[in-house]
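Visitor: I have some labels to query. Please show me the model, then justify them one by one.

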Amino acid sequence: MEVLMSIVVGILFSAAVYLMLSKSLLRIIIGTGLLSHGAHLLILTMGGLKQGAAPLLGEHAQSYVDPLPQALILTAIVISFGVTSFFLVLAYRSYQELGTDDMDQLRGNDQYE
């Protein structure tokens with residue numbers, strides 16, 4: 001199962017890099033979202049995909065799962081949600097002001113007009 005998850009992480013990373021290298025600001029934002037999802041899956045895979053009970057004091061189970069990767073992923077999800085919402089507001093505001101989401105036109109290079 002770890003091999004399959006590693007392949008999915010690689011696909012997400014490659015799709016994210018492809019989107020982040022495009023000229024459209026919306027594609028760059030989607031690429032950062034895909035990159036964060038790939039990082040979440042990578043943390044989960046590196047923590048080990050184990051089956052077991054939750055680490056609670058009252059339960060006497062044979063095996064427990066490690067709660068640290070899940071806590072790290074939960075924190076990363078909250079941070080990536082905040083960053084993505086900031087990027088979306090920034091892109092919307094720049095589109096209102098400048099009327100474009102093309103990165104070359106946002107840079108102000110005159111050679112592309």
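Guide: Start with burial: buried means under 20% relative accessible area, exposed over 50%, partly exposed in between (1.4 Å probe, protein chains only). This is a predicted model: local features need pLDDT of at least 70, side-chain atom pairs count only at pLDDT 80 or more, and totals for chains, interfaces and linings use all residues. Residues are numbered from 1 along each chain as its sequence is written, and side-chain values use heavy atoms, leaving out hydrogens and water.

Visitor: Why is Leu49 called partly exposed?

Guide: Its relative accessible area is 31%. That falls between the two cut-offs, so Leu49 is partly exposed. Leu49 sits in the loop between α2 and α3.

Visitor: What makes Ser80 count as buried?

Guide: Ser80 has 16% relative accessibility. The limit is under 20%, so Ser80 is buried. Pro69, Ile73, Ala91 and Ser94 in α3 are buried too.

Visitor: Which residues is Ser80 in contact with, leaving aside neighbours within four places in sequence?

Guide: Ser36 and His40. Contact means heavy atoms within 4.5 Å. The buried residues of α3 pack against α2 (25–46).

Visitor: How do you know that the span of α3 agrees with its 31 residues?

Guide: A helix is a DSSP run (H or I, at least four residues), numbered from the N terminus. The expected span is 1.5 Å times one less than the number of residues. For α3 that gives 45 Å; the end C-alpha atoms are 44 Å apart, so the two agree. Ser80 belongs to this helix, residues 68–98. Just after α3, Gly99 has a positive phi of about 80 degrees.

Definitions and conventions. Helix = DSSP H or I, 4+ residues; strand = E, 2+ residues; numbered from the N terminus.
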